[in-house]
Every structure is written in structure tokens, then in C-alpha cells.
Amino acid sequence: MNFWRSLVGKLWVTIICLVAVVLITLGLFLLPYIDSNFANSGDIKRLFMYTCMIGFSLTTFFALFLFTKITQPMQRVIEAANNIRRGEYGTRLTLVTSDEIGQLATSFNHMAEELEENIRSLHHEKGHLSSVLRSMSDAVITFDIEGQIILTNPHGQSLLESWSDLEWEQESDIEPHSETAESNVPPPLRPLFLSTLKQGGDERSNVHVRQGVWSVHMAPLYSEGSIRGVVAVLRDVTEEVRLEKMRRDFVANVSHEIRTPLSMMQGYSEALLDGMASSPEESSELIQVIHDESLRMGRLVKDLLDLARMEAGHTDMLKAEVDVNELLERVYRKFSVRAKERDIHLQLNKESDVLVLKAADEDKLEQVLTNLLDNAFRHTQGGKKITVHTGTCVLEGRRYLEIKIQDEGVGIPQEDLPYIFDRFYKADKARVRGESGGTGLGLAIVKNIVESHHGTISASSKLGESTTFTLRLPVEKQ
């Protein structure tokens, strides 16, 4: 360190200059007096010079002493403070003195220890918060009051990146020059962002982005009583919304399907009780309708219970070796009578006389074939043909039994094909009522049974010409 710029150096210069001024002033007044009043004026002047030289020497020695005892310790304190400023929080002073410098060093060390502990606690809390944010499956995004992004977790960053590739349409409720127009808040979140800043409280809403639904919870960030930003937590609830819609549709469909036969049974039974039947034949017809509707409602309840057990994974499958040819012959004979009554040509084509599944539930497969053929008969008019093709195929190195059931019915519109295996989905709403109407659960049950055998089922159709259901089941045990 430059001595002349130190506090002791400046003090030494000041004292030297002050003493020099005093001595020069005194010398100017004393020298004439010494020359005129003392005979040995030379000795007195030399004594005066020696005194001045000793005075300057003592002053210099005193300055060097202060430089060692004050300036150097202070310089170490300054250097330690700079180290802490640079983040070296472990810096400590080793000054062992009992004066103010020593007390300053002790206080400095205590301050450094407290600061280091606080910084360590902050780092711990920061790491804890960072771990919590990283482990959250929800997207977390923090905005400042200007709408600039302050902090995101990985899911939040991924969400912002995916949304940045979308082209947003101009929201009708956002003014083009509003205060968020230049912010980084995604357009779907801006109304909720503005509402949170305005209301000063938590806001929740569901936001629709393309085909997804996001549950957004925004909360204001306060600092010294004023809002300094907003934290947004976003959760993908697309699946929950879809399931909730399915639940509501299911309840509505079940209510509708059960209410219809119940209403008919109630109406016809009241007609019988009121004696509205004018003849025994008419009474018999009313009773037959009541019986048919009771059977229909029974089928619906049975199908619902079967489907619920399958979807819950509680299907009782008794898998064993199944002779598919024998099963097809039995099902063919069961529908032959119905085919003759309806004047429908039912044809069974077998590729091989030996078609065996190593592990399958014969009763469940019969239910599958029965449902598919029953569906084909209900949608095929007299004079048309229903064909059952059987054979094998190899897919991805595995051998499959392939059964195709093709009818020449009215067909299924292409837009309905992806949904025909859903519960209660009926492509032709006009043909589902009455005696021949199904429960709307048959294909859903078929799909569950096929998938429980590790197989697949698909459908193709030409409207007004034909519909083909293709069933593939693995031949070997899975």
C-alpha cells in the first residue's frame, strides 16, 4: 500500500508540516532575539537545529509505529471484507489485539459467521425449493408484474416451449395494446394474469389449448405489501375432463336406456289395469310387449355388469385349448335358423380343418361371435348375405387366427367407425329402438374379451354396401 495515501501517512505529513511551520515561525522571531541578547548564539542555534532534527525523527518513528499498528490491520480488514463481497464467506481475521482493532476483527468474524450461516441456509432453502419444483408434475411459472418470466420448473419450461410454436388467435377479451401485449405471458393465461393482479387474490380457471385442457391456479406474489408478480401452477386435466365427460355420458345413456323400457312397461301395464285392452288378443300383445321390454332391460343390466367386471379386470377367464372349427360350427348352426327366417344367406368359409387356439376361453369367444353375428343380422336385410371367413396369418413373427364376419348391410359411416367400440355408441340412431335394437354395449364387450385374449379387432365398412369385422387371436399361449 502507498504510505502517503494511508491515514497514518497523511497524519504524519500533517504533523510534520505543522511542526515545520511552528518552528520556522518561531525561528524567524527567535533568531534576531538570540543574536542580540546571547553571546554564544551559534551554540543556541545548533541546539535549536538538533532539537528540530530529533523532533522530526521522533515524528517519523511514531508514524511508522502507527502504520504498523493501525494501517496494516485496517488493510487486512478491508481485504477480508472484499473477499466476502466476492463470495468467499469462509474468510476470517486472525488479529489478536485487545484494542479497538482487535474488537473490530472479533465483530467482523462474528458477522462473517452469521452471514455464512444465513447464506448456507438460503442455499439450502433454494436447493429444497428447486428440488420441489423439479419433482412437481405440474408446470410452475412465475411472472413479474410486467409479465416477464422470472422462474420456471422443467415442466413449465417445456410447456412454454411447446406453446411458443403455436399460432394464437387474437383473444376477443384482450385489447391489442393492453399492458400484457408485450409481455411473455401466453395469451390463454393473460385474462387470468390480469385478473390476479387486479383482484390481488388467487384465481382458478380451466384453459383450453388446442385439444388439451389445463387447470390453472394463479396466486399473487407480495413484497412489502405490494404485488411484485404472479405464480401460475398449470396441470394437464385433459384426461380427467375426458373421463368426467365419459362418466356423465355413461350415466345419461344408462338412464336413457333403462328409462325407455321402464316407461313402456309402465304404460302398457297401466293400460291393462285400466281395462283398455278390448280383446284377449290385444291383452296378449300388451303383455308380450311388457315381457320383451323386461328381457331387453335384463340384457342391458347383464351387459353392464359384464362390461364393468371386464373393465375392472375381474373377468373370470377359463383358458384352455379351443377347437375353433367346432366352435364356429356350433355358432353357425345357432344362427342358421334365424338366417332362414330372415331369408339371409349365411355362409361359413374355413381355410383349414384344423384351427386350434392353445389358450382361450371358449364361452367368451362364443359370446364374441354371437355378438358380432347378432349385430350383422340386425343390420342386414332379407335376401342379402353374411359370410364368416376363417384362416390364419402371421404378424410380427406371431401366428394369429383370423376371423372375418362380413355382412351386406347398410354399412357404417366412416366418421362413426372410430367410435363403434365405445359404450352406448350407436351409428344408426334410428334402428336401435324396438325389438331388434341392441343395448349399445355388445361391441364394447367384444373388444374387452378380444383384448383379454391379447388379440385385436377392427372394422371396415362401405356405406350402403357392407361391413366387415376382422378378429385376430394369437394361436400360441401368451
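This report describes two sheets, a helix crossing and two aromatic pairs in a predicted model.

**The sheet of strands 2-1-5-4-3**

Five strands make up an open sheet with the order 2-1-5-4-3, and their pairing is antiparallel. The edges are taken by strand 2 (149-152) and strand 3 (203-209); each has a single partner strand, so one side of each has no neighbour in the sheet. From one strand to the next, the twist averages 25°. Strand 2 is joined to strand 1 (residues 139-144) by three bridges, and these two strands run antiparallel. Within this pairing, T142 is placed opposite L151 of strand 2.

**The sheet of strands 7-9-10-12-11**

A further open sheet of five strands has the order 7-9-10-12-11, and here the pairing is mixed. Strand 7 (345-350) and strand 11 (456-462) are at its edges, each with a single partner strand, so one side of each is left free of a neighbour in the sheet. The twist in this sheet averages 20° from one strand to the next.

Strand 12 (residues 466-474) pairs with strand 11 and with strand 10. The two pairings are set out below.

| Strand pair | Sense | Bridges | Residues placed opposite |
|---|---|---|---|
| Strand 11 and strand 12 | antiparallel | seven | I457 and L471 |
| Strand 10 and strand 12 | antiparallel | eight | K404 and T470 |

Strand 12 is largely enclosed by the rest of the structure, because eight of its nine residues are buried. Strand 11 and strand 12 form a hairpin with three residues between the strands, and G464 in this hairpin has a positive phi near 85°.

Helix 8 lies across three strands of this sheet, namely strand 7, strand 9 (385-395) and strand 10 (398-407). The direction of helix 8 is at about 170° to strand 7.

**Aromatic pairs**

How many aromatic pairs does a search of the whole structure find? The search finds four. One of them joins W163 and W214, whose ring centres are 6.0 Å apart. The planes of these two rings stand at 90°, over the 60 degrees that the edge-to-face class requires, so the pair is edge-to-face. W163 belongs to helix 4 (residues 154-164) and W214 to strand 4 (residues 212-223), so the pair ties together parts 51 residues apart in sequence. W163 has a relative accessible area of 5% and is buried. W214, at 16% relative accessibility, also counts as buried, because the limit is 20%.

F335 and F377 form a stacked aromatic pair, with 5.4 Å from centre to centre and 20° between the planes. F335 is in helix 8 (residues 324-342) and F377 is in helix 9 (residues 362-378), so this pair links parts that are 42 residues apart in sequence. Both F335 and F377 are buried. Helix 8 thus has two roles in this account: F335 in helix 8 pairs with F377 of helix 9, and helix 8 lies across strands 7, 9 and 10.

**Helix 7 and helix 10**

The axes of helix 7 (residues 280-311) and helix 10 (residues 442-452) come within 10 Å of each other and cross at roughly 30°. The crossing is left-handed. On the helix 7 side the contact involves D303, L307, M310 and E311, which meet A444, I445, N448 and I449 of helix 10. By class, the residues of this contact are five nonpolar, one polar and two charged.

Terms used:
Residues are numbered from 1 along each chain as its sequence is written. This is a predicted model: local features need pLDDT of at least 70, side-chain atom pairs count only at pLDDT 80 or more; totals for chains, interfaces and linings use all residues. Side-chain values use heavy atoms; hydrogens and water are left out. Axes are lines fitted to C-alpha atoms, for helices over the stretch in contact, and angles run from 0 to 180 degrees between N-to-C directions. Helices (H or I, at least four residues) and strands (E, at least two) are DSSP runs, numbered from the N terminus. A crossing is left-handed if the near helix is turned anticlockwise from the far one by less than a right angle, and right-handed if clockwise. Contact means heavy atoms within 4.5 Å. Ala, Val, Leu, Ile, Met, Phe, Trp, Tyr, Cys and Pro count as nonpolar, Asp, Glu, Lys and Arg as charged, and the others, Gly among them, as polar. Rings of Phe, Tyr and Trp (its six-membered ring) pair if their centres lie within 6.5 Å; planes under 30 degrees apart count as stacked, over 60 as edge-to-face and the rest as tilted. Buried means under 20% relative accessible area, exposed over 50%, partly exposed in between (1.4 Å probe, protein chains only). Two strands pair if DSSP finds at least two bridges between them.
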